[in-house]
Every structure is written in structure tokens, then in C-alpha cells.
Amino acid sequence: MLQKISLARETGKLTAFWSQRTVAEGNGNLFKVAKGTGSTEWHTHHDQDETFLLLEGQLTVQLRDGDVELTPGDLLVIPRGTEHCPKVDGEARFLLVGPEITSNAAGGKPAWSYEA
């Protein structure tokens, strides 16, 4: 049976910053909710593009050649191989789309954000 997904409800269930939780799959992609505060580490994904759809808050994606500011409803695709560093003042909630989970040290997740 098909069921709709409330992204607001799903992001409300998150307990850790910069962790991802898959809420759906389609066309070989995972649809993952996440929330952020502070910043990740500078990093690159050599195996996939990373797509951000901002749901709540404000998110700055720092790039070596300039920052991209996202507000709710904004979508940004970061091409594979592009070094970036997402940064949030306060808290932001977003949807990530890609073929794999990137919530690990290689994906820029800061050490302080790991759940105890």
C-alpha cells in the first residue's frame, strides 16, 4: 500500500545532527532526512552527487569559490568531486537525495555529532 511521508514529522524524530535517516527509495536513490547545526568538515563525494532540499531554517553550503545560501524550499545539487562544507547557524532540517548514505567521517560528519 502506498503511504505519504510527512517530512516535518520524520525530521522531528531525528536525535543526532548531521545523521541521515532514509524515509523512501525510488529510481535507485535514497530520500534521507537530516538536521544540521554548526558545520560539517570540508569533504568531497567522489562516488555521487549530493542533493539538498532545505525544509526548515537556513543552510550555507560553503564552496571553495563562494558560498550558496539556502532558505526553505531551495534545492541545490553539488556535483560529485566538488569540495564543500555545509554550515548552519541555529538548526536546519533538510532532505538529501542520493544513491548512498553519506553520514560518516568520509562524508564530512563532524566527530562531535556522533551519538554516544
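Let's call a residue buried when its relative accessible area is under 20%, exposed when it is over 50%, and partly exposed in between, using a 1.4 Å probe and protein chains only. By that rule D49 counts as partly exposed, because its relative accessibility is 32%. Before going further, keep in mind that this is a predicted model, where local features need pLDDT of at least 70 and side-chain atom pairs count only at pLDDT 80 or more, while totals for chains, interfaces and linings use all residues. Residues are numbered from 1 along each chain as its sequence is written, and side-chain values use heavy atoms, with hydrogens and water left out.

Now the overall layout. The protein has one helix and seven strands, taking helices (H or I, at least four residues) and strands (E, at least two) as DSSP runs numbered from the N terminus. Going along the sequence, the pattern reads α-β-β-β-β-β-β-β. Of the 116 residues, 41% are buried. Contact here means heavy atoms within 4.5 Å, and among contacts between residues at least 6 apart in sequence, 64% join residues at least 24 apart.

Back to D49, which sits in the loop between β2 (29-39) and β3 (50-56). If you skip its neighbours within four places in sequence, D49 touches V77, I78, P79, R80 and V97. The C-alpha atoms of D49 and I78 are 5.6 Å from each other, though the two residues are 29 apart along the chain. There is also a polar contact to look at: the side chain of D49 reaches the backbone nitrogen of R80 at 2.8 Å. Such a contact is a pair of N or O atoms within 3.5 Å; within protein, one must be able to donate a hydrogen and the other to accept it, and residues adjacent in sequence count only if both atoms are side-chain atoms.

Next, the interior. A nonpolar core is a set of buried Ala, Val, Leu, Ile, Met, Phe, Trp, Tyr and Cys residues joined through side-chain atoms within 4.5 Å. The largest one has 13 residues, and F52, L54, L59, V61, L70 and F94 touch the most other members. Two or more residues each come from β3, β4 (59-63), β6 (75-78) and β7 (84-98), with β7 giving the most, at four. Apart from this core lies another, of five residues, among them L14, V33, L95 and V97. As for L54, its contacts beyond four places in sequence are L59, L70, T71, P72, G73, D74, A92, R93 and F94.

What about the rings? Rings of Phe, Tyr and Trp (its six-membered ring) pair if their centres lie within 6.5 Å; planes under 30 degrees apart are stacked, over 60 edge-to-face, and the rest tilted. That gives two aromatic pairs. W18 and F94 make a tilted one, 5.9 Å centre to centre with 45° between the planes. This pair links W18, in the loop between α1 (7-12) and β1 (20-26), to F94 in strand β7, 76 residues apart. F52 and F94 are tilted too, at 5.4 Å and 50°, joining strands β3 and β7 across 42 residues. W18 and F94 are buried, and F52 is buried as well. Ring pairs thus link W18, F52 and F94 into a cluster.

Finally, two charges sit over rings, meaning that NZ of Lys or CZ of Arg is within 6 Å of the ring centre and within 35 degrees of the ring normal. K35 lies over the face of F17, 4.7 Å from the ring centre, and R64 lies over the face of W42, at 3.7 Å.
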